[in-house]
Amino acid sequence: MKQYRKLTCAVLVLSGGFAAGARADGETIAVFTKNQTNPFFQTVRVGADAAAKGLGARTLHYIPTKPDSIPEQLSQIEDVVVKKPSAIVFIPVDYKAMVPGIEKVNEAGIPVVNITDRSAGGKFVAFVGADDYSLGLETARYLLKTLGGKGNIVIIEGVKGSLTNVDRVRGFNDALKENPGAKLLASQPGNYQRLQALQVMENLMQSNSQIDGVLAANDAMAVGAIEALDGANRKAQVIGINGTKEAVDAIKSGKLLASGDYNGFVQGCVGTMIAIRSLRGEPVVTEIVLKPTVITKDNYQPYDVALESRSCPSWDEAEKLRTK
């Protein structure tokens, strides 16, 4: 049974078990994620744990107690430089602000795999992520096609300035440009948080008597928007991005139209696999960018699996995911 324990106010540790036949000196992989509030990052952590366990390694999780806190993640980097794990799988809370921290990790000689949000600097063994622009574009296209290319649309953005948000919202807007019959009423940040998105949606409904579609930059915000709509007894088509189990359940029940599959589980799996393979002198892929998939009522079935029941891809399967 996996056990969680607090080491400091900003560090959460998970010790992965050892697989049968595991090496006695199983590597320790430090996994950095942004927060405990966004379900996406839990999928990343579970994927990392599964990959480490399968390869006879263990994971050490670093999660800011305040969501997306730059000072906390910088402090955590200081801690990891002292503890010197075998390798690091890293999602920066801010792709620019964390560069000095990564440079310290580089100086300490700890190999790092960058996943999800591409860092603006530092040296990495590899990058594993998804094409946020294409996910935003294709998911928005699906909503607009459902609406017949017309209607009143609102965008609920993530964290202003974050790479994922910039690219996803750019995709949303390009899809809107393809549909002149659709009108963008507003584009406001919900900071990737369900409750903030609920409040944003409540305010948007007060200002706009007719909203036909909601483009939310992640699933948590999409769920918040749906809760606001339900509370006001109003209807609109809503899409999110990340492909979380929560979103799949909402698609299955008919509450959510679609979700762009960001596949955090696979990102966590493959990032950790690359870190461990690199330590063991085995061949690695230096860049994997997952292709966009839109999850809908017509294809959700393969995603309708409990997170803990999922299996990481084999290395041969992982290599085939690369687009570059």
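In the predicted model, strand β8 (residues 150–157) and strand β10 (residues 213–216) run parallel and are joined by four bridges. Within this pairing, isoleucine 155 stands opposite leucine 215 of β10, and valine 154 is placed opposite valine 214 of β10. On its pairing with strand β11 (residues 237–241), β10 again runs in the parallel sense, here over three bridges. Glycine 213 has glutamine 237 of β11 as its bridge partner. Between these two strands the chain passes through helix α7 (residues 219–231), and the resulting β-α-β crossover from β10 to β11 is right-handed.

These pairings belong to an open sheet of six strands, arranged in the order β9-β8-β10-β11-β12-β14. The pairing across this sheet is mixed. Its edges are formed by β9 (181–189) and β14 (294–295), each of which pairs on one side only.

In a regular strand, side chains alternate between the two faces of the sheet. For β10, both faces are covered. Gly213 and Leu215 are buried on one side, and Val214 and Ala216 are buried on the other. Leu215, which stands opposite isoleucine 155, and Val214, which stands opposite valine 154, thus lie on opposite sides of β10.

The empty space in the model was examined next. Rolling a probe the size of a water molecule over the atoms shows where empty space is left. A search of the whole structure identifies two cavities of 30 Å³ or more.

The largest cavity contains about 90 Å³ of space. Its lining consists of Lys34, Asn38, Phe40, Phe41, Thr116, Asp117, Thr164, Arg168, Tyr192, Asn218, Asn242 and Tyr262. By class, four of the lining residues are nonpolar, five are polar and three are charged. Helices α1 (39–54) and α5 (163–177) each contribute at least two residues to this lining. Domain 1 (28–130 + 263–291) and domain 2 (132–261) each provide at least three residues of the lining of the largest cavity.

For the second largest cavity, the volume is about 40 Å³. Thr43, Asn242, Gly243, Thr244, Asp261, Asn263, Gly264, Phe265 and Arg310 form its lining. This lining comprises one nonpolar, six polar and two charged residues. At least three residues of the lining of the second largest cavity come from each of domain 1 (28–130 + 263–291) and domain 2 (132–261). Asn242 appears in the linings of both cavities.

The open space of the model includes pockets as well as cavities. The largest pocket has a volume of about 240 Å³. It is lined by 14 residues, of which Ala236, Gln237, Gly254, Lys255 and Leu256 are the closest to its centre. Two or more lining residues are given by each of α7 and β11. The largest share, three residues, comes from α7. The lining of the largest pocket divides into seven nonpolar, two polar and five charged residues.

The pocket and the sheet share several elements. Helix α7, which connects β10 to β11, supplies the largest share of the pocket lining. Gln237, the bridge partner of glycine 213, is among the residues closest to the centre of the largest pocket.

Terms used:
Residues numbered from 1 in each chain as written. Predicted model: local features only at pLDDT ≥ 70, side-chain atom pairs only at ≥ 80, totals over all residues. Heavy atoms only, no water. Pairing = 2+ DSSP bridges. 1 Å grid on protein atoms, 1.4 Å probe; cavity = no way out; pocket = protein on both sides within 12 Å on 5 of 7 lines; lining within 4 Å. Points joined across faces, edges and corners; volume = space filled by probe spheres on them. Nonpolar A, V, L, I, M, F, W, Y, C, P; charged D, E, K, R; others polar. Domains from an automatic or database assignment. Buried < 20%, exposed > 50% of the residue type's maximum accessible area, 1.4 Å probe, protein only. Right-handed = clockwise from strand over helix to strand, strands pointing away.
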